[in-house]
Number of protein chains: 2
Amino acid sequence: MAREGMDKDLLRYDRMVEAALRGVVREAIARVAGIGLPGGHSLYITFRSDFPGVEMPDWLKAQYPEAMTIVLEHQFWDLSADEETFGVTLSFKGRRQRITVPYAALTAFHDPGVQFGLRFDQMQEGEEKGAAQAGKTAAGAVPTPLPAPAAKPEPAAPSEEPKTAQVVNLESFRKK
Amino acid sequence: MAREGMDKDLLRYDRMVEAALRGVVREAIARVAGIGLPGGHSLYITFRSDFPGVEMPDWLKAQYPEAMTIVLEHQFWDLSADEETFGVTLSFKGRRQRITVPYAALTAFHDPGVQFGLRFDQMQEGEEKGAAQAGKTAAGAVPTPLPAPAAKPEPAAPSEEPKTAQVVNLESFRKK
């Protein structure tokens with residue numbers, strides 16, 4: 001029953017796990033959209049701002065041309081979770097701005113208050129970008145400062161640094 | 001927007017991740033059911049044989065009263081993946097026997113040929129069994145021999161020991 005070769009890619013666990021865990025982010029956002037943010041939680045969401053389907057004002061995209069981290073903690077409005085994207089209104093420089101982000105654009109998700117984190121590659125696009133770059137983006141499973149500048153809703157400065165202790169780096173699911 | 005206390009449980013990432021990864025097993029089984037087992041793969045599936053909804057002949061359940069590991073590799077028939085359960089026919093003692101297993105009964109899933117593994121707790125039932133037992137079942141993320149005796153389809157003895165190197169132990173998602 002074992003067949004060699006070309007059909008081996010049909011069981012790519014790394015991709016299945018990545019898709020499943022993006023679904024966890026979707027579910028978390030949907031719950032927060034539905035019931036509000038439970039105490040002790042804050043959502044740090046990092047995404048590629050140049051990813052197709054990301055919508056935000058041009059001046060904001062100019063400020064964060066490649067990556068952006070938003071924080072859902074004290075001030076956010078109209079959070080909505082759809083099948084492929086989520087949307088939220090945040091205050092930047094005193095103005096409320098709507099941002100729409102496909103889950104496929106996410107590169108990291110943290111909820112430091114409960115020490116939970118996920119880190120995603122961008123497998124959808126580049127596919128197998130080569131071991132060198134994969135190694136570069138892996139950087140181990142140890143939490144590191146988020147790669148993108150954090151664009152926080154204005155009065156939302158957390159009282160302390162995120163102390164995320166559990167970050168699941170999806171590189172650990174990839175074949176060596 | 002942060003509220004303390006009773007609603008904190010609404011963002012239980014550990015449960016969301018566990019459900020998502022059981023979904024990965026479902027997807028993998030569904031793909032194998034649809035296209036056959038790609039070369040280089042073999043599925044080691046460990047489940048609680050006393051879990052509600054597990055169906056197998058009485059004599060087999062008597063032999064594996066608590067846990068059982070089946071191996072889908074060389075000889076298996078009529079693999080089917082439904083929403084909540086999967087079914088497969090295996091040969092035991094020269095007789096083909098049908099086994100039905102809810103995904104919720106799974107405690108481990110390994111595909112040693114590609115060094116992928118998942119290990120599940122049984123959160124659905126016991127819920128928060130206490131730190132002591134949780135610690136006991138955790139045993140670190142390092143792969144260990146499967147806790148259940150492996151009941152293999154007869155000529156299916158793998159040519160070498162499973163060399164699973166990547167096991168995701170869901171304890172790592174749990175709050176300390």
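The legends below accompany close-up views of a predicted model.

**Figure 1. Overall make-up of chain A in the predicted model.** The secondary structure of chain A amounts to four helices and nine strands, and these elements succeed one another along the sequence in the pattern α-β-α-β-β-β-β-β-β-α-α-β-β. Chain A has 176 residues, 49% of which count as buried, and its accessible surface is about 8000 Å², with 52% belonging to carbon and sulfur atoms. When contacts in chain A between residues at least 6 apart in sequence are considered, 65% of them join residues at least 24 apart.

**Figure 2. Confidence of the prediction along chain A.** The mean pLDDT of chain A is 75, and 64% of the residues in this chain reach 70 or more. Among the elements of chain A, strand β1 (residues 43-48) has the highest mean pLDDT, at 97, whereas helix α4 (residues 131-138) has the lowest, at 30. Over residues 1-8 of chain A the pLDDT is below 50, and this stretch has 19 contacts in the model beyond near neighbours in sequence. The pLDDT is also below 50 over residues 124-166 of chain A, a stretch for which the model shows 80 contacts beyond near neighbours in sequence. For the complex, the predictor gives an ipTM of 0.70 and a pTM of 0.70.

**Figure 3. The open sheet β3-β4-β5 of chain A.** Three strands of chain A make up this open sheet, in the order β3-β4-β5 and with antiparallel pairing. Strands β3 (77-81) and β5 (95-102) of chain A are the edge strands, each of them pairing on one side only, and the twist from one strand to the next averages 20°. Strand β3(A) is joined by three bridges to strand β4 (residues 85-92) of chain A, the two running antiparallel; within this pairing, A:W77 has A:T89 in β4(A) as its bridge partner. Helix α1 (residues 13-35) of chain A lies across both β3 and β4 of chain A, and runs at about 140° to β3(A).

**Figure 4. The strand pair β3 and β4 in chain B.** Strands β3(B) and β4(B) pair in the antiparallel sense, with three bridges between them, and a hairpin of three residues joins β3(B) to β4(B). In this pair, B:W77 stands opposite B:T89, which belongs to β4(B). The loop between β3 (77-81) and β4 (85-92) of chain B also holds B:E83, a residue that reappears in the salt-bridge view of chain B.

**Figure 5. The hairpin of β6 and β7 in chain B.** Strand β6 (residues 106-111) of chain B pairs with β7(B) in the antiparallel sense over four bridges, and B:F109 stands opposite B:L118 in β7(B). Four residues lie between the two strands of this hairpin, and B:Q115 in the turn has a positive phi of about 55°. Along strand β7 (residues 116-119) of chain B, B:F116 and B:L118 point one way while B:G117 and B:R119 point the other way, yet all of these residues are buried.

**Figure 6. A buried salt bridge in chain A.** The structure holds ten salt bridges over all chains, one of which brings together the side chains of A:D14 and A:R12, with an N to O distance of 2.5 Å. Both partners, A:D14 and A:R12, are buried.

**Figure 7. Salt bridges involving helix α1 of chain B.** The side chains of B:R22 and B:E18 meet in a salt bridge at 2.8 Å, N to O. Because B:R22 and B:E18 are four residues apart in helix α1 (residues 13-35) of chain B, about one helical turn separates them; B:R22 and B:E18 are both buried. A further salt bridge links B:E83 with B:R26, and its closest N and O atoms are 3.9 Å apart. Since B:E83 lies in the loop between β3 and β4 of chain B and B:R26 in helix α1 of chain B, this pair ties together parts that are 57 residues apart in sequence. B:E83 has 54% relative accessibility and therefore counts as exposed, whereas B:R26, with a relative accessible area of 29%, is partly exposed.

Key: Residues numbered from 1 in each chain as written. Chains lettered and ligands numbered in written order. Heavy atoms only, no water. Pairing = 2+ DSSP bridges. Axes fitted to C-alpha atoms, helices over the stretch in contact; angles between N-to-C directions. Contact = heavy atoms within 4.5 Å. pLDDT = per-residue confidence, 0-100. Salt bridge = Lys/Arg side-chain N within 4 Å of Asp/Glu carboxyl O. Buried < 20%, exposed > 50% of the residue type's maximum accessible area, 1.4 Å probe, protein only. Areas by Shrake-Rupley, 256 points an atom, 1.4 Å probe, with all protein chains shown as cover.
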